[in-house]
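Dear colleague,

I am handing over the structure below, together with a short account of what was found in it. Please keep in mind while reading that the model is a predicted one.

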Amino acid sequence: MTVRKVLQIGHPILAARANEVPIENIPTPEVQGWVDDLIDTMRDANGAGIAANQIGIPHRLFVIEVGNNPRYPYKPKVPLTVVINPTVRFLTEETFVSNEGCLSVPQMRGNVDRHVEIEVSYYDRDGQQQTHEIRGYSACTWQHEYDHLDGILFPHRVTDAQSFCSWDVFQEFQQEAYASHVKALVAKWGA
Ligand code: ZN
């Protein structure tokens, strides 16, 4: 198990567009090791997802997993998903005001607009091509991680600068209302 250091906003590797993983390299110990380190680091930090460039690997892959997450108690569960060389397509114009945090942006949260119906295509860790439609709140998590691969962090997308707040302030003043806002979305889409 290798828990790696998470780079913080402003680091040049986080700010750059990450490179495609050559498909033939997916089975190699190097790429499989990256996947294992991503999973270990995400779980250690109670993240809902983590992108490779957050741990200093400048390539296009990320992992997502949501169980009983103390950082995000209102998030619907998502099984462990390994995502290599993804593309994301918006299926509709409908968006949701998503309040987000990030392991690379310590202590801060803020509101961004995310699409609620997307189609994702990617390779899994076995090198199999996958295409899925993702609807509801989990679509926000996918877009957050996908943005990392293009050097975009949630503060770059914040729509209302007044929505920036600390995690403590969010929990004290906003989390209850936000959980209801999420619950309505999850009730509509079942995820
Ligand atoms: Zn992030």
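To begin with the interior, the largest cavity in this predicted model has a volume of about 180 Å³, and the count of cavities of 30 Å³ or more comes to 1. Its lining is made up of 19 residues, among which Y72, K75, G101, H144 and E145 are the closest to the centre of the cavity. The elements that contribute two or more residues to this lining are β4 and α3. Sorted by class, the lining residues of the largest cavity comprise 6 nonpolar, 9 polar and 4 charged.

Turning to the sheet, 3 strands are arranged in the order β4-β5-β8 as an open sheet with antiparallel pairing. Because β4 (95-102) and β8 (165-166) each have a single partner strand, they stand at the edges, and one side of each is left without a neighbour in the sheet. Strand β5, which covers residues 105-115, is joined to β8 by 2 bridges, the two strands running antiparallel; here M108 is found opposite S166 of β8.

Two helices lie across these strands. Helix α3, formed by residues 138-149, lies across β4 and β5 and runs at about 55° to β4, and this helix is also one of the elements named above for the cavity lining. Helix α5, formed by residues 167-189, lies across β4, β5 and β8, with a direction at about 145° to β4.

With best regards

Definitions and conventions: Residues numbered from 1 in each chain as written. Predicted model: local features only at pLDDT ≥ 70, side-chain atom pairs only at ≥ 80, totals over all residues. Heavy atoms only, no water. Pairing = 2+ DSSP bridges. Helix = DSSP H or I, 4+ residues; strand = E, 2+ residues; numbered from the N terminus. Contact = heavy atoms within 4.5 Å. Axes fitted to C-alpha atoms, helices over the stretch in contact; angles between N-to-C directions. 1 Å grid on protein atoms, 1.4 Å probe; cavity = no way out; pocket = protein on both sides within 12 Å on 5 of 7 lines; lining within 4 Å. Points joined across faces, edges and corners; volume = space filled by probe spheres on them. Nonpolar A, V, L, I, M, F, W, Y, C, P; charged D, E, K, R; others polar.
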